[in-house]
Amino acid sequence: MRTFLFGGLVGLVGCGEATVDVDGDAPASRGGTVDVDQVVVEDAVLSHPTASFRAASERFDVPIDLLLSISAAETGGQMVAGEREIPGWEPAFGVMALRGDVLETGARLAGVSPDAARTEREANILAAAAWLDDEADRLEIDRDDLGAWAPVVAAYGQLPDAAAEAAYVWDAVYHQLQSGVLVEGYEAEPQAVVPQFPEPDPVRYVAPAERSYAIWRGSSNYSSRGGQTVEMVVIHACEGSYAGCWSWLRNTASGVSAHYVVNESGSEVSQLVYEADKAWHVGATYNCALNGNRECGLSGTGTNLFAVGIEHAGYSSQTSWQSGLLAKSAQLTCDITRTHGIPRDSYHIVAHGRLDPYNRTDPGAGWNWTDYLNRVNTACGTGTTASTSTSSTASLVIDSNNATNPTATRYVAPGTGWFSSTSVPGYYNTGYYAGSTQAISDPTRFWFYESASKCYKVEAWWTGGSNRGTSIPFIAYNAAGVELGRSNVNQQINGGRWNNIGTWRFTSGWNQVAISRWTTSGYYAIADAVRLTPASTCP
């Protein structure tokens with residue numbers, strides 16, 4: 001039997017000292033082969049959830065606080081089964097987030113199978129400790145100095161650049177040590193330990209990001225939206241740590257990106273791509289049948305063209321997410337929906353796994369969608385909403401098909417010279433109205449009722465084509481019939497999407513947005529759908 005003290009260990013009832021028996025033929029210190037089931041912990045600590053960490057720490061001479069800090073930084077102490085979210089970044093497994101060569105090598109050194117290292121908690125911790133032990137030998141560090149372990153920690157993270165390594169060491173693992181380790185009932189006091197590793201460059205916090213709370217870490221993995229408006233926010237799980245996520249998403253070798261990454265606690269957000277540009281975060285084209293048959297005019301279009309992607313440090317398989325992460329993500333999503341007039345419902349704030357179910361499940365079953373959408377609406381000051389319904393204070397659509405309009409509050413009234421059609425694809429919902437352009441007053445009117453004065457951003461949807469008018473009048477009127485403003489649009493372009501028309505303050509009563517066909521003759525005016533989004537200010 002070998003007896004040892006775990007530095008900083010508190011909270012073990014009646015036990016200031018812990019002992020571990022390691023039976024079998026394998027040496028009790030390092031190397032060799034061990035059956036995990038042979039690790040026996042004395043009664044005083046047998047039921048303690050960190051017994052596996054203590055056994056691995058003793059066998060491989062790796063500080064238990066370091067093992068627990070890596071686990072806390074990587075997985076929050078949860079047993080995860082990673083998925084492949086980012087090309088080039090291998091999936092991670094277990095409480096220690098073992099991946100790739102670290103998993104394979106660690107399993108061999110610990111004498112456990114790779115499958116066991118992926119799926120069994122004890123084997124996972126042993127493999128991690130074995131790898132850290134071997135790397136510590138290779139680097140010839142002073143094992144008694146926690147700060148000296150920093151280069152070993154950096155190598156364990158398997159990150160693609162020096163900036164990410166520095167952030168992982170200082171802001172993740174050693175931040176846990178400095179804050180005090182608290183994982184699964186094990187508690188250690190904060191330690192004034194300084195990692196022997198280059199500090200993160202402070203310039204990285206000076207950012208031209210679109211959100212004041214975001215750090216700019218620009219990725220070159222993006223392209224143009226081609227003028228397409230933003231219609232959705234897609235929620236992702238990184239399948240890894242924060243530093244790993246943003247570093248791989250800006251690495252050219254990965255060929256992918258996202259607009260934002262939120263860290264595990266919600267204390268930091270990185271922006272990698274501007275919202276006006278297309279990030280490469282969803283590999284599938286949009287299929288409205290997967291999304292409640294909403295926005296079907298976008299079907300067949302690459303989802304990236306009209307979506308903003310938010311990655312979250314963590315895993316699809318984790319059972320819960322930190323409240324701070326959810327709160328910060330909700331604030332970010334609220335801000336994005338405000339900027340782009342996106343409805344705050346489950347059809348426009350969407351899981352990656354819903355849009356690409358063929359090989360993705362993120363953010364996973366542990367993501368509480370009802371709670372998250374309520375948080376988004378609360379952040380925007382619009383109250384709560386059910387997870388599958390549109391908030392009454394979010395955007396509202398007046399469709400050309402009155403069967404889908406709540407006629408008590410909004411409806412369409414086509415002019416006498418207009419006819420319904422579905423001949424040109426890309427229409428909203430079930431079809432649209434078309435009218436030949438000529439010098440005649442015969443508008444199609446999209447009516448909506450307001451109980452009080454309200455400022456709305458007005459957008460319109462049409463199907464484009466060479467026979468459409470290039471200067472079709474859209475005219476906003478208040479309930480007194482007073483014209484608030486107008487916009488002449490070219491309907492030959494920008495079809496199959498929402499297009500900004502203008503922002504006006506409407507009055508209580510029945511207001512309208514009229515689409516006129518009084519313009520240059522020989523073309524068609526299209527009246528398909530109008531979307532109204534509450535705006536904080538009016539011109």
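**View 1. Contacts across the whole chain in a predicted model.** Of the contacts between residues at least 6 apart in sequence, 73% join residues at least 24 apart. The model is predicted. The protein has 12 helices and 27 strands. Buried residues account for 55% of its 539 residues. About 20900 Å² is exposed, and carbon and sulfur atoms supply 49% of that area.

**View 2. Helix H3, residues 64-75.** H3 has 12 residues. From first C-alpha to last, H3 reaches 16 Å, close to the 16 Å expected at 1.5 Å a residue. Because 12 of its 12 residues are buried, H3 is largely enclosed by the rest of the structure. Polar names appear in the buried list too, including Asp 65, Ser 69, Glu 74 and Thr 75. Just after H3 comes Gly 76, with a positive phi of about 65°.

**View 3. The largest nonpolar core.** This core has 71 residues. Leu 66, Met 96, Tyr 156 and Tyr 174 have the most contacts inside it. Several helices each supply at least two residues of this core, among them H3, H4 (100-110), H6 (121-139) and H8 (162-179). In soluble globular proteins, nonpolar side chains tend to be buried together.

**View 4. Around Tyr 156.** Neighbours within four places in sequence are left aside here. Tyr 156 is in contact with Ile 70 and Glu 74. Its other contacts include Met 96, Leu 98, Val 102, Trp 131 and Tyr 168.

**View 5. Another core, apart from the largest one.** This core has 27 residues. Among them are Ala 434, Val 513, Ile 526 and Val 530.

Notes. Residues numbered from 1 in each chain as written. Predicted model: local features only at pLDDT ≥ 70, side-chain atom pairs only at ≥ 80, totals over all residues. Heavy atoms only, no water. Helix = DSSP H or I, 4+ residues; strand = E, 2+ residues; numbered from the N terminus. Buried < 20%, exposed > 50% of the residue type's maximum accessible area, 1.4 Å probe, protein only. Contact = heavy atoms within 4.5 Å. Areas by Shrake-Rupley, 256 points an atom, 1.4 Å probe, with all protein chains shown as cover. Expected span 1.5 Å × (residues − 1). Core = buried A, V, L, I, M, F, W, Y, C linked by side-chain atoms within 4.5 Å.
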